[in-house]
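Work through the exercises below with the structure in view, and try each task before reading its solution.

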Amino acid sequence: MTLPAPAPQAPKKPTRPSDRFVAYVHELCESKGTRAALRKGLGLPVDRCNYLHRYLVPWMPERVHPDAKRAHYAVAALIAARPRMARDAPTMRPTTEDEAAHWYRRANLGAALGQAVNKKVLKPATAESALHLMSRQSTDAIHPGLPALTRQLLRDGIDVDWAVLLEDLAWWNRARDQIATRWLESYFRITSAPQAADHDLPPETPAPSEENNS
């Protein structure tokens, strides 16, 4: 007797609000027209994002901190502006509930820049300069530069965890030092990993001398 194949389980919905928002924006971007409308908010403050309100206002609560609102609008525009190769790639999602809950263990922007350096996409001086500059700036200065930075990362196959970026931007002005430190730590942890691996290798065994071979 042949048993029927079990029905495929529907993917679990994200448990973290930032992940749910990112999933929502990905669904919106399946429409070419909506994607074009969301792209119009690139690098702009909320009061200049008139084309985005119809899509994002229904999702967000009526009362939300201005920094958090701008972060949502910014990330929605950045997702919509992904190059084609990034749109066709699998969407980065947390694989476990633990990973979703402990979002600070996930790859932040510093980690993405570290990966770009390891892949020779960016020079170390360029990536470190960008990180140190952002660590001294408010989000008003950071937002306009994010479209070019994330586009370069995505174009060269570097993933961006949009949910982590969303939360970091939402809290940046109130916890800049802590977030900037986490970005820098993630960057140097990744860029130093190849060196650490080399240090772990056992010393090379000297080649046998001609005298020993005789």
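**Exercise 1.** Over the face of which residue does K40 lie, and at what distance from the ring centre?

*Solution.* In this predicted model, K40 is placed over the face of Y51, and the distance from the ring centre is 3.9 Å. A charge counts as sitting over a ring if it is within 6 Å of the ring centre and within 35 degrees of the ring normal. A further example is R174, whose charged end sits over the ring of W171 at 4.1 Å from its centre.

**Exercise 2.** Compare the expected span of helix α1 with the distance between its end C-alpha atoms.

*Solution.* Helix α1 covers residues 17-28, which is 12 residues, and at 1.5 Å a residue it should span 16 Å. The end C-alpha atoms of α1 are 16 Å apart, which agrees with that expectation.

**Exercise 3.** Classify the pair formed by the rings of F21 and W59, and then place both residues in the chain.

*Solution.* The ring centres of F21 and W59 are 4.9 Å apart and the planes stand at 65°, so the pair is edge-to-face, given that angles over 60 degrees count as such. F21 belongs to helix α1, whereas W59 lies in the loop between α3 (53-56) and α4 (66-80), 38 residues apart. F21 is buried, with a relative accessible area of 0%, while W59 is partly exposed, at 28%. Y24 and W59 also form an aromatic pair, which is stacked, with 6.4 Å centre to centre and 25° between the planes. Together, F21, Y24 and W59 form one aromatic cluster.

Key. Residues numbered from 1 in each chain as written. Predicted model: local features only at pLDDT ≥ 70, side-chain atom pairs only at ≥ 80, totals over all residues. Heavy atoms only, no water. Helix = DSSP H or I, 4+ residues; strand = E, 2+ residues; numbered from the N terminus. Expected span 1.5 Å × (residues − 1). Phe/Tyr/Trp six-rings, centres within 6.5 Å; stacked < 30°, edge-to-face > 60°. Buried < 20%, exposed > 50% of the residue type's maximum accessible area, 1.4 Å probe, protein only.
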